[in-house]
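This report concerns a single molecular structure and is addressed to a reader who wishes to examine its geometry. The sequence and the coordinates are shown first.

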Amino acid sequence: GVLDDGCWQRDGIRLVNKFDGKPLEPESRAWMAWDDDALYLAVEFDEPEMDKLKLTAVKRDDNAWADDAVEFFLSARGFPDEYLQIVVNADGVVFDGIKKETAPATDIDVDMPVTVKSTKLADGWQAEMKIPYDGFDEKPPKLGDVWRVNIIRNRRDGGQGGPFAFSPTMGQGHHNRFFFGEVEFTTGEKK
């Protein structure tokens with residue numbers, strides 16, 4: 001929950017307005033890393049109105065997406081027919097599931113072995129996630145593989161702004177997988 005690991009020391013990706021892709025305040029950044037065991041996601045969200053955070057989800061699979069939260073969507077294979085969704089609110093409460101195109105809703109009976117730590121700061125909040133591949137029946141990516149991803153910040157009661165996105169959906173819903181961005185797995189070394 002504290003972003004002091006070396007892999008989070010780069011600039012990260014700045015999330016933008018979900019509707020039009022333009023820069024948006026307060027600043028919201030995300031990072032992804034990977035190894036042979038898991039994917040890692042880190043977010044750092046500035047929030048000038050910490051006293052107004054909406055945090056109603058208290059247990060696993062509560063409606064964390066309705067809170068000040070980050071939503072992580074991932075389609076590693078079977079795109080566009082299948083993707084996973086992991087939502088973490090600023091208290092670290094997790095909602096997760098797998099959505100298959102033929103299913104009417106996300107299957108929340110699937111609890112992935114996600115490890116989450118979140119930290120509230122005076123002027124924002126941070127979270128780190130570890131998502132083991134075997135939790136969603138996937139093999140580790142190889143160099144050059146491309147997976148489809150979106151990262152959404154839901155800013156609820158903390159004033160105007162948002163939702164924020166890695167890949168803007170141009171007004172479409174968060175679950176519109178055709179607006180997921182592409183992430184290529186590299187060594188992370190600057191070229």
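The following sections treat strand pairing, aromatic contacts, a buried charge and backbone geometry.

## Basis of the description

The model is predicted, with local features requiring pLDDT of at least 70 and side-chain atom pairs counting only at pLDDT 80 or more, while totals for chains, interfaces and linings use all residues. Residues are numbered from 1 along each chain as its sequence is written, and side-chain values use heavy atoms, with hydrogens and water left out.

Helices (H or I, at least four residues) and strands (E, at least two) are DSSP runs numbered from the N terminus. Two strands pair if DSSP finds at least two bridges between them. A residue is termed buried under 20% relative accessible area, exposed over 50% and partly exposed in between, with a 1.4 Å probe and protein chains only.

## Strand pairing

An open sheet is formed by five strands in the order β1-β3-β4-β9-β8, with antiparallel pairing. The edges are taken by β1 (13-14) and β8 (115-121), each with a single partner strand, so one side of each is left without a neighbour in the sheet. Between β8 and β9 there are seven bridges in the antiparallel sense, and K120 has W125 in β9 as its bridge partner.

Strands β5, β6, β7, β10, β11 and β12 enter into the pairings tabulated below; each row gives an antiparallel pair.

| Strand pair | Bridges | Residues standing opposite |
|---|---|---|
| β5 (69-75) and β6 (82-89) | six | A69 and N89 |
| β6 and β7 (94-100) | seven | L84 and I98 |
| β5 and β10 | seven | F73 and N150 |
| β10 and β12 | four | V146 and E184 |
| β10 and β11 (164-165) | two | I152 and A165 |

Strand β6 is mostly covered, with seven of its eight residues buried. The hairpin of β6 and β7 has four residues between the strands, and G92 in this hairpin takes a positive phi near 85 degrees. In β10, eight of the nine residues are buried, so this strand is largely enclosed by the rest of the structure.

## Aromatic contacts

A pair of aromatic rings is described by the distance of the centres and the angle of the planes. Rings of Phe, Tyr and Trp (its six-membered ring) pair if their centres lie within 6.5 Å; planes under 30 degrees apart count as stacked, over 60 as edge-to-face and the rest as tilted. The structure holds nine aromatic pairs. In one of them, the ring centres of Y133 and W147 are 6.3 Å apart and the planes stand at 90 degrees, so the pair is edge-to-face. Y133 lies in the loop between β9 (124-132) and β10 (146-154) and W147 in strand β10, so the pair ties together parts that are 14 residues apart in sequence. Both Y133 and W147 are buried.

W147 also pairs with F185: the centres are 5.0 Å apart and the planes are at 70 degrees, so this pair is edge-to-face. Since F185 lies in the segment after β12 (181-184) and W147 in strand β10, the pair ties together parts that are 38 residues apart in sequence. F185 is buried, as is W147. Ring pairs link W34, Y133, F136, W147 and F185 into a cluster.

A charge sits over a ring if NZ of Lys or CZ of Arg is within 6 Å of the ring centre and within 35 degrees of the ring normal. R153 lies over the face of F164, at 5.0 Å from the ring centre.

## A buried charge in β9

Which residue is buried yet has no salt bridge? It is E128, placed in strand β9. A salt bridge is a side-chain nitrogen of Lys or Arg within 4 Å of a carboxyl oxygen of Asp or Glu. Lys and Arg count as positive and Asp and Glu as negative, whereas His and the chain ends are not counted. For E128, the nearest side chain of opposite charge is K117, 9.1 Å away. The side chain of E128 makes a polar contact with the side chain of W8 at 2.6 Å. A polar contact is a pair of N or O atoms within 3.5 Å; within protein, one must be able to donate a hydrogen and the other to accept it, and residues adjacent in sequence count only if both atoms are side-chain atoms.

## Backbone geometry in the loops

E25 and P26 are joined by a cis peptide bond with omega of about 0 degrees, and P26 is found in the loop between β2 (16-17) and β3 (28-34). D137, a residue other than glycine, has a positive phi near 55 degrees. D137 is placed in the loop between β9 and β10 and is exposed, with a relative accessible area of 61%. M170 likewise is not a glycine and has a positive phi of about 50 degrees. The loop between β11 and β12 holds M170, which counts as partly exposed at 48% relative accessibility.
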